[in-house]
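Reader: Hi! I would love a close look at one part of this protein, the space enclosed inside it and the elements around that space. Could you walk me through it?

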Amino acid sequence: MSTEKKSRYRNLILLYVLYIVFWFILSAIMSVIIFPEGTPNAVIQFIPVDDVLSILVIVFLVLIPISGIIGALLGGYVLSPIIMILHKFFYGSKKFYGIQYESREQKVSLLKSGFYPVLLAVNLSFIFLTPEIISSILEADVIIELTISLRIPVFIRILSQTILLIFTFGASTVLFSPVWLLKDSGIVFTTKEKVENSNETLLIKSIGEWFQTLLKGYAGIGVIFTYIFVIYDFIILFIANLGFPGNMLNIPSLFLWLGLPFYLVFSMIPAIIVHDALRKTRLSYVRKIANRIGIRDAAFVSFELKKQDERS
């Protein structure tokens, strides 16, 4: 990696190092508090590790980031052309397309790039978090100990959702990485000629922004409803388990759960770096496909301000 690239990613790499430290500390604390006498012999059915500390570290620092990298590559190189072709097919007769070749190379923004994919991943993992899925993920001894002995059902859902995030994180990155690529490619569409002699509003937008609008709406609204259900379930279970010693541990477990989008976004750092490091290759790739489907003209987006005629 060149010196320029290292400088470009220095802050992201530093944040990821701090994220690693955060998970080691948090996992160690949770392991001591929830399983003070030792973790059951097995926790997750398909991960050959016997303690919660190692599982959380492996999942959040290795498996989820790898899932994000795979999703970014698949979405960028497979889904991006499909979205572009479909947009051209359905709207081509009403829009005019072009490419902004002189688009600026923007600084990598973690929150801007990663927050909504994380929201979507959390929402999808909650949708699939059913009792049947939980029983297929966690070992029976762990479920019994957490629900009957310790009365910490919230932590069971966190463990199960953590495993589901390995898959939903990759899936959400598959959907959002075309947004990053298509926005960077400078491919835009406009209705200028259509509205030139009418009262309609002029629209100039990139295909990436158009697709992002669709995804953001679902991700944002979906997480709001998810959190409402999470808090409602927590209140019901907390009241039902009043008086049991482990019941109070449901409170920090809830905060850990609600905080998922805010710390899980750091798991997106490796995918964002890989995606950005391949900038020249991916831009060349998507523009070649655009050329093949008839998007060839250079787009020069500008505007000018004119004083309105006082007599009008």
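Author: By class, the residues lining the largest cavity are four nonpolar, two polar and one charged. You can find them in this predicted model as Ala72, Leu73, Gly76, Tyr77, His275, Leu278 and Arg282. The space they surround is about 30 Å³, and the count of cavities of 30 Å³ or more comes to one. Helix H2 gives the largest share of this lining, with four residues.

Let's stay with H2, then. It spans residues 52–91, and its axis comes within 11 Å of the axis of helix H8, residues 207–240. The two axes cross at roughly 95 degrees, so H2 and H8 are roughly perpendicular to each other. To see where they touch, look for Ile83, Met84, His87 and Tyr91 on the H2 side, which meet Ile207, Trp210 and Phe211 on the H8 side. Six residues of this contact are nonpolar, one is polar and none is charged.

Now look at the sheet. It is an open one, built from three strands in the order S1-S2-S3 with antiparallel pairing. Strand S1 (96–99) and strand S3 (204–206) are its edges, each pairing on one side only. On average, neighbouring strands here are turned by 30 degrees against each other, ignoring direction. Strand S2, residues 187–190, pairs with S3 over three bridges in the antiparallel sense. If you want one spot to find on screen, try Thr190, which stands opposite Ile204 in S3.

Conventions:
Residues are numbered from 1 along each chain as its sequence is written. This is a predicted model: local features need pLDDT of at least 70, side-chain atom pairs count only at pLDDT 80 or more; totals for chains, interfaces and linings use all residues. Side-chain values use heavy atoms; hydrogens and water are left out. Axes are lines fitted to C-alpha atoms, for helices over the stretch in contact, and angles run from 0 to 180 degrees between N-to-C directions. Helices (H or I, at least four residues) and strands (E, at least two) are DSSP runs, numbered from the N terminus. Angles under 35 degrees count as roughly parallel, over 145 as roughly antiparallel, 65 to 115 as roughly perpendicular and the rest as oblique. Contact means heavy atoms within 4.5 Å. Ala, Val, Leu, Ile, Met, Phe, Trp, Tyr, Cys and Pro count as nonpolar, Asp, Glu, Lys and Arg as charged, and the others, Gly among them, as polar. Two strands pair if DSSP finds at least two bridges between them. On a 1 Å grid over the protein atoms alone, a cavity is a set of points where a 1.4 Å probe fits but cannot get out, and a pocket is an open set with protein on both sides within 12 Å along at least five of seven lines; lining residues have an atom within 4 Å of a point. Grid points are joined across faces, edges and corners, and a volume is the space filled by probe spheres set on the points.
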